[in-house]
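Subject: Structure for you to take over

Hello,

I am handing over the structure below. Please look through it first, then read the notes that follow.

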Amino acid sequence: MVRRPLGNHHHGPDTLLVTSDTAQTEQTDAVATEPVATETEKLREVITRARFVLFDFDGPMCRLFAGHSAEDVAKDLVEWLERQGLRGLLTEEERVHPDPHAVLRVVDRRHPRSDLVVELEERLTQHELKAVASAMPTAWADPLIRTWTAVGARLAVATNNSPLVVSRYLDSRGLAGCFTPNIYGRTRDLRHLKPHPYCLNRALTAMGAAPSSALMIGDTPSDLYAAQRAGVPFLGYARNEDKATLLRRAGAEDVVGSLEPVLRVLRGQD
């Protein structure tokens with residue numbers, strides 16, 4: 001060990017303890033690798049205890065509107081309402097909302113369980129069905145689903161999208177057998193959309209699963225809240241930093257930016 005003089009801007013004695021280059025390298029490596037190891041171990045624990053896995057659809061499995069702008073779908077719903085003479089039903093802010101589900105919720109709050117809501121929901125379903133052809137699979141989602149099935153986990157879908165849309169997408173990817181019949185999506189009772197835990201509870205009941213033995217994979221705060229209310233552990237998927245920030249601010253503790261590390265854990269590669 002040697003002592004070297006410090007510069008003028010410091011606190012404490014005017015010396016710095018310096019270890020050998022080898023020791024410094026070992027310490028640096030330990031500091032650099034420790035957080036990674038901790039995160040991997042945490043992820044492994046979350047994944048290996050799950051015997052039942054509930055997937056949200058649009059996000060963790062695919063980008064449904066990759067080839068069709070969700071904002072354009074919302075705009076179409078608004079324009080349809082206006083053609084029905086219902087322009088005043090929405091505020092100016094609501095008329096430009098980029099999320100079609102938000103438009104649907106607003107109308108349902110003001111005219112719950114009405115024929116108007118039924119027609120609007122059907123219009124959204126048609127848009128979703130049309131979008132399936134150009135939906136973009138989430139990277140690593142297909143092999144993850146197949147691997148989880150191969151190791152004995154039971155899978156379900158719990159989504160705010162139409163279950164018809166989910167089934168059509170899964171058929172197109174050759175994945176229907178991994179989930180059927182456990183696909184739970186939007187019904188005409190829109191009070192049951194997430195963050196309500198209705199679709200999660202339906203999945204758990206159908207599979208005979210205790211909430212603590214399941215895992216919900218979602219990409220929005222509403223997925224997290226639904227999982228919390230159902231008593232199901234949650235793993236957040238965030239394809240960008242903005243989504244990760246939203247999930248963490250909502251209280252998500254476990255968030256991944258890619259499904260690859262989840263797949264690696266399942267395959268025993270991490």
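A place to begin is P195, which is found in the loop between β7 and α9. The peptide bond that joins K194 to P195 is cis, with an omega of about 25°. Please keep in mind that this is a predicted model.

The loop between β7 (183–184) and α9 (198–207) also holds H192. H192 has a relative accessible area of 22%, so it counts as partly exposed. Along the chain H192 and N160 are 32 residues apart, while their C-alpha atoms are separated by 8.8 Å.

A second cis peptide bond to look at is the one that joins T180 and P181, where omega is about 5°. P181 has its place in the loop between α8 (176–179) and β7.

The chain as a whole

The protein chain has 12 helices and 10 strands. Of its 270 residues, 45% are buried. Among contacts with a separation of 6 or more, 66% are between residues 24 or more positions apart.

The structure holds 0 disulfides. Two cysteines can be checked for burial: C178 is buried at a relative accessible area of 16%, and C199 is buried at 2%. Both values count as buried because the cut-off is under 20% relative accessible area.

Cores

The largest nonpolar core has 59 residues, and F55, W148 and F179 are those with the most contacts inside it. Which residues does F179 touch, leaving aside its neighbours within four places in sequence? F179 is in contact with F55, M61, I145, L155, A156, V157 and L170. There is also a second, separate core of 25 residues, which includes F52, A158, A238 and V255.

W148 and I145 both appear again in helix α6, which covers residues 141–150. The buried residues in α6 are A141, D142, L144, I145, T147 and W148. Just after α6 comes G152, with a positive phi of about 105°.

Positive phi away from glycine

On the other side of α6, W140 lies in the loop between β5 (136–137) and α6. W140 is not a glycine, yet has a positive phi of about 75°. With a relative accessible area of 37%, W140 is partly exposed.

R113 is not a glycine either, and has a positive phi of about 55°. R113 lies in the loop between α4 and α5 (115–131). Is R113 buried or exposed? At 53% relative accessibility, R113 counts as exposed.

Pockets

The largest pocket has a volume of about 810 Å³. It is lined by 27 residues, and the closest to its centre are D58, D99, H101, T220 and K243. Helices α4 (100–110) and α10 (221–230) each supply at least two residues of this lining. Which helix gives the most to the lining of the largest pocket? That is α4, with 6 residues. By class, the lining of the largest pocket has 8 nonpolar, 8 polar and 11 charged residues.

The second largest pocket holds about 200 Å³ of space. Its lining has 13 residues, and E39, T40, L43, V256 and P261 are the closest to its centre. At least two residues of the lining come from each of α1 (21–48), β10 (255–256) and α12 (260–266). The largest share, 6 residues, comes from α1. The lining of the second largest pocket divides into 8 nonpolar, 1 polar and 4 charged residues.

The cavity

The structure holds 1 cavity of 30 Å³ or more. The largest cavity has a volume of about 40 Å³. Which residues line the largest cavity? They are T159, N160, G185, R186, T187, H192, L193, Y198 and C199. H192, N160 and C199, described above, are thus among the residues of this lining. By class, the lining has 3 nonpolar, 5 polar and 1 charged residues.

Regards

Technical notes:
Residues numbered from 1 in each chain as written. Predicted model: local features only at pLDDT ≥ 70, side-chain atom pairs only at ≥ 80, totals over all residues. Heavy atoms only, no water. 1 Å grid on protein atoms, 1.4 Å probe; cavity = no way out; pocket = protein on both sides within 12 Å on 5 of 7 lines; lining within 4 Å. Points joined across faces, edges and corners; volume = space filled by probe spheres on them. Nonpolar A, V, L, I, M, F, W, Y, C, P; charged D, E, K, R; others polar. Disulfide = S-S within 2.5 Å. Buried < 20%, exposed > 50% of the residue type's maximum accessible area, 1.4 Å probe, protein only. Helix = DSSP H or I, 4+ residues; strand = E, 2+ residues; numbered from the N terminus. Core = buried A, V, L, I, M, F, W, Y, C linked by side-chain atoms within 4.5 Å. Contact = heavy atoms within 4.5 Å.
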